[in-house]
Number of protein chains: 2
Amino acid sequence: MTTSILRFVLVAILLSPFSAFAQKLPPPETKQLQGPQNPRLGFIIHGGAGVITRGSLTAEREKQYRDKLTAALLAGYKALQSGKSSLDAVEIAIRILEDDPFFNAGKGAVFTADGKNELDASIMDGKTLAAGAVAGLHHVKNPITLARAVMEKSPHVMMIGDGAEQFAKTQNIELVDEKYFWTQSRWDSLQKVLQQEKEKSTTPKPKGLSENLSELPYNKFGTVGAVALDKNGNLAAGTSTGGMTNKKFGRVGDAPIIGAGTYANNETCAVSATGWGEFFIRIGVARDICALIEYRALTIQRSADIVIHQKLQKLGGDGGIIGLDKFGNIAISFNSEGMYRAYIDASGKPVVQIYKD
Amino acid sequence: MTTSILRFVLVAILLSPFSAFAQKLPPPETKQLQGPQNPRLGFIIHGGAGVITRGSLTAEREKQYRDKLTAALLAGYKALQSGKSSLDAVEIAIRILEDDPFFNAGKGAVFTADGKNELDASIMDGKTLAAGAVAGLHHVKNPITLARAVMEKSPHVMMIGDGAEQFAKTQNIELVDEKYFWTQSRWDSLQKVLQQEKEKSTTPKPKGLSENLSELPYNKFGTVGAVALDKNGNLAAGTSTGGMTNKKFGRVGDAPIIGAGTYANNETCAVSATGWGEFFIRIGVARDICALIEYRALTIQRSADIVIHQKLQKLGGDGGIIGLDKFGNIAISFNSEGMYRAYIDASGKPVVQIYKD
């Protein structure tokens with residue numbers, strides 16, 4: 001009885017021309033991208049979002065990025081085609097991106113203010129809602145693999161710092177000397193930011209939450225991520241990052257926060273995010289996109305657009321997401337200048353994009 | 001046009017007798033509790049959920065718990081009455097619970113497997129969606145105060161480990177020697193659990209995710225939390241914990257995870273959770289309750305019941321939440337035997353409860 005009344009009220013709200021729901025919807029997306037449908041599979045990866053305008057990359061550098069994204073994409077997709085799980089595909093692709101110095105994760109991690117590399121990652125299984133997350137790592141070559149071990153080999157979801165690395169030892173996960181993560185380009189980025197900071201400190205700082213972040217250098221927030229749908233209809237999502245250049249005080253962004261940077265649920269969707277992590281945590285971006293599907297029955301692209309182009313935009317954050325639903329529908333949404341991304345299209349071909357196309 | 005079609009489809013779904021929405025709703029709550037309405041204020045605290053059956057506490061011990069909860073409740077409520085913010089009320093009450101050895105937060109933190117105390121906390125401002133979280137602390141007397149400093153005095157949301165404590169120093173936040181957190185009862189609990197573990201290791205372990213957690217001693221997962229609504233209509237939520245007895249590998253639960261243990265948004269609700277943290281992270285409990293209000297226009301009590309009694313229950317987790325919406329409506333929901341909790345009722349009087357009443 002009460003249920004009927006409640007449904008009536010909800011219906012009345014939805015029918016009302018004053019419905020917030022009616023007013024808040026963005027313009028419909030022009031098309032709904034899909035992954036391969038026979039068999040139904042889905043695979044998308046990202047390599048970070050930020051100020052990537054056309055012309056800011058040399059033709060040679062752009063080709064290198066495209067080649068690396070293609071390699072990671074095809075490796076994950078090949079795994080799905082051979083019958084491996086969505087979790088396998090996500091881990092395989094992210095490991096390739098972690099091993100590449102071009103992306104801010106694993107080998108290519110940026111430096112903290114202390115001149116260290118601090119790594120975070122998370123992964124989630126849409127079938128069981130099992131999840132694993134790690135933060136504040138200094139010696140783990142592939143954080144995504146440790147996140148998966150936390151999920152599968154421990155009763156926990158999240159482990160941080162030295163404790164997480166002790167767990168890595170018990171699982172025979174590859175540890176490396178801190179020097180492994182040293183790269184000239186990331187070191188130069190840190191020096192540049194430190195120099196800017198020094199120059200700024202002689203002039204008065206603007207007040208407000210974003211005072212230290214008001215001038216973000218290119219690629220300051222990098223992340224890599226992947227979402228997959230396997231032949232059994234299982235979704236998975238994963239995200240890995242080296243954090244932000246010059247970060248202090250053990251700062252953690254959204255990458256290892258389940259619900260913010262990563263979420264997967266077979267009933268709704270799988271999402272991996274990249275961008276200004278603080279804003280993604282405050283909104284709970286990945287979980288919120290899934291909630292719009294769960295509670296409002298929106299498409300994944302529309303759900304993503306509402307969260308990225310309305311909620312995130314309103315709060316002043318930037319970045320983007322990649323997502324898949326259980327039907328293989330693809331969502332790509334970002335409000336930054338560009339986002340390194342690649343997906344397998346409906347015909348089974350790889351599509352690699354960097355700018356707003 | 002497309003909006004109209006979408007609304008029509010949603011209406012059809014809601015009207016359908018086969019609607020999952022219709023089938024999944026729990027029985028309606030018997031009554032909707034409210035905080036004081038003139039002026040409209042709201043204040044609720046919790047001191048953890050778990051196996052707290054009637055008779056498991058001596059009369060004397062029960063009285064002590066009730067007195068301590070009352071003291072923290074009244075201190076926060078008095079702050080609200082005097083015009084202080086919901087953030088102030090949340091911090092004031094949680095500090096009192098953190099300073100009390102009875103609750104698993106601050107002074108009363110349980111011991112890790114290494115015989116250390118590892119503290120986590122988070123706080124969120126419903127007006128701005130600003131948030132602060134800290135994890136893996138060993139020397140911060142009041143983690144909730146550090147979480148608030150992260151929110152208000154840094155551009156970040158989350159800081160962990162030594163880095164977070166370095167930040168505490170820059171903010172003149174009180175640090176204490178690790179010995180401060182040593183209490184006989186928590187030490188005895190650790191020894192008991194270690195002894196049980198030793199005895200268990202000689203017999204084969206059950207397989208599965210929860211193998212190490214299948215026999216949870218009383219109060220193994222404790223947390224304290226508070227949610228408040230101030231005279232300006234601003235909601236806030238905060239949570240603080242000493243983690244779980246015998247925890248290993250830098251494990252982090254839901255208390256410092258924005259969206260899992262803590263969430264606040266003036267447009268929907270403020271929630272603080274307590275319980276088996278891994279499950280709360282996987283569901284994103286606090287954020288999910290707010291999402292049901294945001295996207296389905298349910299009451300806060302009903303939203304909480306769906307998440308705790310259906311979603312959490314289905315996954316095998318236990319614990320509970322306290323919540324408030326912007327109208328001062330109160331939600332209290334738990335699927336454990338008991339939850340230490342206290343709130344100010346519609347007549348402005350304190351109500352303290354421990355068991356399923």
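This is a short chat about a few backbone features in a predicted model.

Biologist: I'm new to this one. Which residues does a cis peptide bond join in chain A?

Modeller: First the general idea: most peptide bonds are trans. Here, A:N38 and A:P39 are joined by a cis bond, with omega at about 0°.

Biologist: Where should I look for A:P39?

Modeller: Go to chain A and find the loop between helix 2 (20-24) and strand 1 (42-50); A:P39 sits there.

Biologist: And what about chain B: which residues does a cis peptide bond join there?

Modeller: That would be B:N38 and B:P39, again with omega about 0°. B:P39 is in the loop that runs between helix 2 (20-24) and strand 1 (42-50) of chain B.

Biologist: Okay, now phi. What is the phi of A:A297?

Modeller: The general idea again: most residues other than glycine have a negative phi. A:A297 isn't glycine, yet its phi is positive, near 55°. You'll find A:A297 in chain A, in the loop between helix 9 (285-296) and helix 10 (300-315).

Biologist: Why does A:A297 count as partly exposed?

Modeller: Because its relative accessibility is 40%, and partly exposed covers the range between under 20%, which is buried, and over 50%, which is exposed.

Biologist: What is the phi of B:F249, and where is that residue?

Modeller: Phi of B:F249 is near 60°, a positive value in a residue that isn't glycine. Look for B:F249 in chain B, in the loop between strand 6 (235-241) and strand 7 (251-252). With a relative accessible area of 22%, B:F249 is partly exposed.

Key:
Residues numbered from 1 in each chain as written. Chains lettered and ligands numbered in written order. Predicted model: local features only at pLDDT ≥ 70, side-chain atom pairs only at ≥ 80, totals over all residues. Heavy atoms only, no water. Helix = DSSP H or I, 4+ residues; strand = E, 2+ residues; numbered from the N terminus. Buried < 20%, exposed > 50% of the residue type's maximum accessible area, 1.4 Å probe, protein only.
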